[in-house]
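This report describes a few local features of one structure, moving from a helix and its surroundings to the backbone of some loops. Please keep the sequence and the model open while reading.

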Amino acid sequence: MPHVAFVPLTGFRVREPEMLELGMAMPGLRPRIGAIAGLPALGLLTLAGMTPEPWTCSYHDAPGVDDDLLDAVLAQQPTIVAISALTASILDAYELAGKLREHNVPTIIGGLHATACPGEAEEHCDAVVVGDGEPVWQDVLNDAKTGSLRQRYQATKPFDLSKTPLPRFDLLGDAKRPRMTIQTQRGCPFACEFCAASRLLGPFREKPVANLEHELAAIQVIDPQPMIELADDNTFAGRRDPRPLFEALRRSNARYFTEVDWRIGERPELLNGLAASGCVQVLIGVESLFFDPPGMGAKSASLQRIMDAVNAIQSSGIAVIGCFIVGCDGETAESMDRLGEFLTACPFADIQLTIQTPFPGTALYRRLRDTGRLLEDRHWDSYTLFDVTYRPDQLTVRELEQGFQKLVQTCFAGGPARRRKQLRREIWRRHPKLQSCE
Ligand code: SF4
């Protein structure tokens, strides 16, 4: 029987030893890192859902490559191994492909990094999917079965999300996942300079609510009261009426988290339904207090307007994680200190801090590469969001690293983390569906 082994390489990665130590030690950082690392790989589970009989499938998520992973995959005697990895884990993916090649097992890779760097991925894997995987998956299976894989598969048009099959959540096994995941849309109408997710896999599209109802029902079989993370880049950025989606989510009995832009705080009709549908937390990219990265579109606004929107969202019982990027052009030691002062006193129920990272495929990557500012000695495993990979314009690399570590210490140490925990408690007391979420 032909078999596909699906291998998402998950896990939190940091190169800089001081930062790694900090990340593991800070109480405010650990839960978010754990939640991201434990998310099921929806893209691969969806491909499994469109894999017909007599093919069989297995799923092997792993934080890195070791003998246990290799043995588990080889034990399936796979016809093909489908690997997904982000930029930070792509070298692990290539290592796994190399080891499988020694056992004459063909590999195929897809996702954002492989789409941005297909030539590089072809050097390590037998085949590469560029862009959406769904439209070409049947061709991949047919070619794998006959031993005639092409080097590159690329759909001629974007995948119609109404044709999405039910993801094979059953492949996840019996162990309860902290979070399940569904995707209500793909891409984003904006094009922030640093963002790889918004356009690389095609234009902005929304998945019909009927598909989502089936996915939510399948998740409910596994967990009657699930915690769901929407695998969206900017939920509600489209123009559709959110009420049918809210109703589907409300009926699923899920609590959920998603990423949005602050403008939802100026839509009272949306806020009215959001908490009642089970939303407990949203992440909002404020990005910077001082600099406006190009491409932010209507998401760009004064800090006061953004904070008014954040307060409106939190008043409705939904906790907001404010997301900030450090190291944009113009960043100085003083601007980082001012950000630290703001973040220790701000009303955000939680915060996320990352270093600006020029992921391949982004306008930011092209700009820094073309001006010779990418650090030649930092390979993809440094593209973690917590390591510096380019020369800042106002600071040395070391100054940015040290300034970022100081900020992390300031914002995620016990006192500020406890203050935000208390804020979340107060916000969730106002939530119509829960008393506490922690
Ligand atoms: S709003 Fe968010 S998802 Fe959209 S392009 Fe900007 S960073 Fe990416």
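Helices (H or I, at least four residues) and strands (E, at least two) are DSSP runs, numbered from the N terminus. The model is predicted, and local features need pLDDT of at least 70, side-chain atom pairs count only at pLDDT 80 or more, and totals for chains, interfaces and linings use all residues. Residues are numbered from 1 along each chain as its sequence is written.

Helix α3 (residues 42–49) is mostly covered, eight of its eight residues being buried; a residue is buried if 20 or more other C-beta atoms lie within 10 Å of its own, exposed if 12 or fewer, and partly exposed in between, with C-beta atoms placed from the backbone. These buried residues pack against β1 (3–8), β2 (56–59), β3 (80–84), α8 (137–145) and β7 (180–182), where contact requires C-beta atoms, placed from the backbone, within 7 Å. In the loop between α3 and β2 lies P54, and the peptide bond from E53 to P54 is cis, with omega near 10°.

Most residues other than glycine have a negative phi, and most peptide bonds are trans. The table lists two residues that have a positive phi although neither is a glycine.

| Residue | Phi | Loop | C-beta atoms within 10 Å |
|---|---|---|---|
| F236 | about 75° | between β10 (227–230) and α10 | 21 other, buried |
| L385 | about 85° | between α14 (363–370) and α15 (397–412) | 19 other, partly exposed |

Conventions: Two residues are in contact if their C-beta atoms, placed from the backbone, lie within 7 Å.
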